[in-house]
Amino acid sequence: MLMDYENSGYFTTGSVDRIMKELEDKIDQIVDLFSENESHLIVFGVDVGEKFLYPGEIPAFKKYFKEKMDSQIGKGKTVKCSMCGKETASTVNLDKVFKFATFDKKSFLPALDKNSSSKVFPICTDCFAIFSNGRERLDREFMDMRTISGMRIWCIPEVIGSDSSSSLKSVVNQFKEYVSKENTGMEDMFDSFAKFKNENLLFHFVFWEREPNKAQEIVHMMIEDVPPTHLRIIEKCWTESLNAVGNNEKQKKLSAALKFVYQTITSLGKDGKNENKEDLKILRDFSIETIGKLLNKEKINVESIKALFVQRIPKLLYSSEDNSGVKRDSEIKDMFLMIDFISRFNSEVRK
């Protein structure tokens, strides 16, 4: 990013090398400022006399970003912003914010006419700034990347109630304070949300991934209106199953339960060092679908999971990859744990 400032003419030639050298010279000072278990952000600015200017206060920085933004804005006939309804000749299409609003598939609505912004989803520059800021905040504060390998999960909170309600403001403030205290991060996202006690809050989950070597974003699934109480029900079923099966090695947390479902199902497509990519893809999709049903309070077909396990058992018993039998025993125990967990969940759903 720094080099782009230089290439664009906003930094003089050699500025990036000078910045990097001075950073290296101050590495001990920078490390001393860090503390454990805290998030950190390095902000570059400039000293003008005795005053420090942040990037948003520096004319050259503002001009650089305005040029970048203008390059994304289409100028043509006046159209209405799809969000606020304002008449404007400067519009941006939604695919500049969300890459799954794509133009490359002709059967997909935004792709009907790439050259006609008024028929896609034109938004004005003000709404574009709001969308971009919201997307950046989602990626920074409300995205889980640890539960499913290669999968990104947006965990989006929604407060329910009247806009004029004083309790609504209370919930918003309570949630902001809670997230701040819990330091909600990627690894503990689901666990933190399951602990939240106020029932005026719902969660929406969007499962998506970035296509390898391409800029496109693929949406796999969206789960809406999940209350914290339901997250705790999943966690309760998981804890009860661990106690029933006698497994004290796994964590009794919601995130551990979801990871377990993914890892147990996808492991069925692996045999030692051999992997069937097509089988793994099918099993990965099935594991994502199963996690979606858990979050969406849908009954899960236990028989289909048992059938997958039965197909796997002969390979486990007669495989020469692991003579100790430890791996076989562990995998078979995980199968029993999985069946018990899903069965308990189905019983809760039927209540």
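This is a short talk about one protein structure, going helix by helix and contact by contact.

Okay, hi everyone. Before anything else, please keep in mind that this is a predicted model.

Let's start with helix H10. It has 19 residues and reaches 27 Å from its first C-alpha to its last, close to the 27 Å expected at 1.5 Å a residue. Quite a few of its residues are buried, including Leu280, Leu283, Ile288 and Leu295. Right after H10 you'll find Lys297, and its phi is positive, near 60°.

Pick out Ser287 for a moment, which sits in H10. Is Ser287 buried or exposed? Its relative accessible area is 0%, so Ser287 is buried. What does Ser287 touch, leaving out residues up to four places away in sequence? There we get Val261, Tyr262, Ile265 and Thr266.

H10 also has a salt bridge of its own. The side chains of Lys293 and Glu289 meet there, 3.5 Å from N to O. The two residues are four apart in the helix, about one turn. Lys293 is partly exposed at 22% relative accessibility, and Glu289 is partly exposed at 38%.

Now step off the end of the helix to Ile300. You'll see Ile300 in the loop between helix H10 and helix H11, which covers 302–318. With a relative accessibility of 4%, Ile300 counts as buried, because the cut-off for buried is under 20%. So who keeps Ile300 company? Setting aside neighbours within four places in sequence, Ile300 is in contact with Thr290, Lys293, Leu294, Ile305, Ile342, Phe345 and Asn346. Notice Lys293 in that list; that's the residue we just saw in the salt bridge with Glu289. And take Ile342: it is 42 residues from Ile300 in sequence, yet their C-alphas are 7.0 Å apart in space.

On to salt bridges more widely. How many does a search of the whole structure find? The count is 16. One of them joins Arg18 and Glu22, with the closest N and O atoms 3.5 Å apart. Those two are four residues apart in helix H2, so about one helical turn separates them. Arg18 is exposed at 60% relative accessibility, while Glu22 is partly exposed at 35%.

Then there's Asp126 with Lys86, where the closest N and O atoms are 2.9 Å apart. Asp126 lies in helix H5 and Lys86 in the loop between strands S3 and S4, so this pair ties together parts that are 40 residues apart in sequence. You can also find a network of salt bridges linking Lys236, Glu240, Asp340, Arg344 and Glu348.

Next, aromatics. There are 16 aromatic pairs in the count. One of them is Tyr5 with Phe65, an edge-to-face pair at 6.4 Å centre to centre and 80° between the planes. The pair links distant parts of the chain, with Tyr5 in helix H1 and Phe65 in helix H4, 60 residues apart. Tyr5 is buried at 4% relative accessible area, whereas Phe65 is partly exposed at 44%. Both belong to one aromatic cluster, together with Tyr10, Phe11, Phe61 and Tyr64.

Last stop, the surface. Leu33, Phe34, Ile42 and Phe44 form a nonpolar patch there, with about 420 Å² of accessible area together. Of these, Phe34 sits in the loop between helix H3 and strand S1, and Phe34 is partly exposed at 43% relative accessibility.

That's my tour, thanks for listening.

Methods: Residues are numbered from 1 along each chain as its sequence is written. This is a predicted model: local features need pLDDT of at least 70, side-chain atom pairs count only at pLDDT 80 or more; totals for chains, interfaces and linings use all residues. Side-chain values use heavy atoms; hydrogens and water are left out. Buried means under 20% relative accessible area, exposed over 50%, partly exposed in between (1.4 Å probe, protein chains only). Contact means heavy atoms within 4.5 Å. Patches are made of residues with over 30% relative accessible area and no salt bridge: like charges are joined within 9 Å, nonpolar side chains (Val, Leu, Ile, Met, Phe, Trp, Tyr) within 5 Å. Accessible areas come from the Shrake-Rupley method with a 1.4 Å probe; for residues, only the protein chains shown count as cover. A salt bridge is a side-chain nitrogen of Lys or Arg within 4 Å of a carboxyl oxygen of Asp or Glu. The expected span of a helix is 1.5 Å times one less than its number of residues. Rings of Phe, Tyr and Trp (its six-membered ring) pair if their centres lie within 6.5 Å; planes under 30 degrees apart count as stacked, over 60 as edge-to-face and the rest as tilted.
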